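Subject: Structure handover

Hello,

Here is the structure we discussed, with my notes below it. Please look it over before you set anything up.

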Amino acid sequence: MILLSIDTSCDDTALSILEKQRDNIKILFNFTLSQAKLHRSFGGVYPSLAKREHKKNLPLIFKNALKEAKILESDINKIAVTTGPGLSPCLWQGINFARSLKKDKYIVPINHIEAHILINLVQINGDKLYLLEQDKIFPAAALVVSGGHTEIIEVKKTGKYKEMGSTRDDAAGECFDKTARILGLPYPGGPEIEKLAKEAKSGDRKKFKIELPRPMIKSKNFDFSFSGLKTAVLYDWQKRSQKEKSSPRFKKAFAKEIQESVVDVLTEKTEKALAKKGSKSLLIGGGVAANNYFREKIKKEVKKEFPKISVLIPPKELCSDNALMIGVAAILSGLKKGKAEAFPN
Ligand code: KG4
Ligand code: ZN
């Protein structure tokens, strides 16, 4: 069985081809074309530009995919495509492309958030993909942290999800992007903040008196709020002297405090969720999960507080948007056909 998977939910055009013969799954192609550089001048994703780029690039990547996978278009048996959540014009590009290749009855609609979670259920070795034993993983708690989402979800098993909490305003990645912009850093801001934070000198935050809030960290629910943090960054930045603003040392210390503020809240809330539910594992996904400081901190804290719970985080390239996770989600949910229509939210 040959499965083509597509994700065009935001500003990445991603395609993968998997070959499945019973339990043997082989990755024949997996590629993500990032549009990040094109969106830089807008300081974030510009939907109509993203749509245009998906439209232009999908057929090109697809042609290349067939060549690299050494298959013909007619060899494709199923197409998994992200139908939501995401930017509506972008989602439709992927869906319409899938429809143009195969009739609706061969299309497997995939939820993007579910895919960010389920990619944790496989192990990859070269071009081989192995499904992990689900008994050891479920019930689980999941944390999805991306540019569009910050959610804690109770996962009873594949396909059985219950939202425990989510952001009331900005997503964690969006907070990184917006605060980075205040600091004059390019989009996407998360990796830029991480780079600077890594170079910060210990003691500099104290020296420059940088202290940001940890919004909702003590609240009893599992919700988040990051827009207040963005505002706090803006106000602090505005009151700084020109000398401080142009000091690389100051900027690094400031970036470190932003990163820690976001990560402290994510970690604390996730631990709270783990304490409430009897989870065997914590499944993490989304672009922000590529952040080294976050990866290390959440693993360390969970190990300390809940030594029996295993923390699963995908390799960095599979944290941000990709089509391999769409293929994996399709396989794990039984390759069920469904409505090839976008649901943006
Ligand atoms: O999952 P993703 O690729 O796309 C969405 O579905 O949104 O996530 C993109 C987000 C961006 O906000 C980006 O700044 C953030 O993930 N991100 C990071 C890092 N790498 C990407 N945030 C913090 N640290 C990183 N290293
Ligand atoms: Zn995503």
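In which helix do His112 and His116 lie, and how many residues apart are they? Both are in helix α4 (residues 112–118), with a separation of 4 residues, or about one turn of the helix. Please keep in mind throughout that this is a predicted model.

Zinc site

The two histidines belong to the site of the zinc ion (ligand 2), where the protein donors are His112 (NE2), His116 (NE2) and Asp321 (OD). These donors lie 2.1 to 2.2 Å from the zinc ion. Along the chain, the donors follow the spacing H-x3-H-x204-D. His112 and His116 are both buried.

The geometry of the site is irregular: the angles among the 4 donor atoms run from 89 to 157 degrees. For four donors to count as tetrahedral, all angles would have to lie between 85 and 135 degrees. As a reference for any restraints, ideal angles at a metal are 109.5 degrees for four tetrahedral donors.

Salt bridges

The count comes to 20 salt bridges. Three pairs are described here.

Lys56 is paired with Glu53, with 3.3 Å between the closest N and O atoms. This is a pairing inside one helix: both residues lie in helix α2 (residues 47–69), 3 residues apart, about one turn of the helix. Lys56 counts as partly exposed because its relative accessibility is 49%, while Glu53, at 8%, counts as buried.

Asp170 forms a salt bridge with Lys230, the closest N and O atoms being 3.5 Å apart. Here the pair links distant parts of the chain, 60 residues apart: Asp170 sits in the loop between β10 (160–166) and α5 (172–182), and Lys230 in helix α8 (residues 227–239). Asp170 is buried, with a relative accessible area of 8%; Lys230 is partly exposed, at 23%.

Asp204 and Arg249 form another salt bridge, with closest N and O atoms 2.7 Å apart. Asp204 is in helix α7 (residues 204–207) and Arg249 in helix α10 (residues 248–276), so this salt bridge ties together parts that are 45 residues apart in sequence. Asp204 is buried at 2% relative accessibility, and Arg249 is partly exposed at 36%.

There is also a network: salt bridges that share partners join Arg205, Arg214, Lys256, Glu257, Glu260, Asp264 and Lys297.

Cysteines

How many disulfides does the structure hold? The number is 0. For Cys175, the closest cysteine sulfur is that of Cys10, 17 Å away, which is too far for a bond. For Cys319, the closest cysteine sulfur is again in Cys10, at 16 Å, also too far for a bond. A disulfide would need the two sulfur atoms within 2.5 Å. Cys175 is buried, with a relative accessible area of 0%, and Cys319 is likewise buried at 0%.

Gln123

Gln123 is part of strand β6 (residues 122–125). Leaving aside residues up to four places away in sequence, Gln123 touches Lys128, Leu129, Tyr130 and Leu132. Gln123 and Pro314 are 191 residues apart in sequence, with a C-alpha to C-alpha distance of 9.0 Å.

Regards

Note on methods:
Residues numbered from 1 in each chain as written. Chains lettered and ligands numbered in written order. Predicted model: local features only at pLDDT ≥ 70, side-chain atom pairs only at ≥ 80, totals over all residues. Heavy atoms only, no water. Salt bridge = Lys/Arg side-chain N within 4 Å of Asp/Glu carboxyl O. Helix = DSSP H or I, 4+ residues; strand = E, 2+ residues; numbered from the N terminus. Buried < 20%, exposed > 50% of the residue type's maximum accessible area, 1.4 Å probe, protein only. Contact = heavy atoms within 4.5 Å. Donors = N, O, S within 2.8 Å, 3.2 Å for Na, K, Ca; no water. Tetrahedral: all angles 85-135°; square planar, octahedral: opposite > 155°, others 65-115°.
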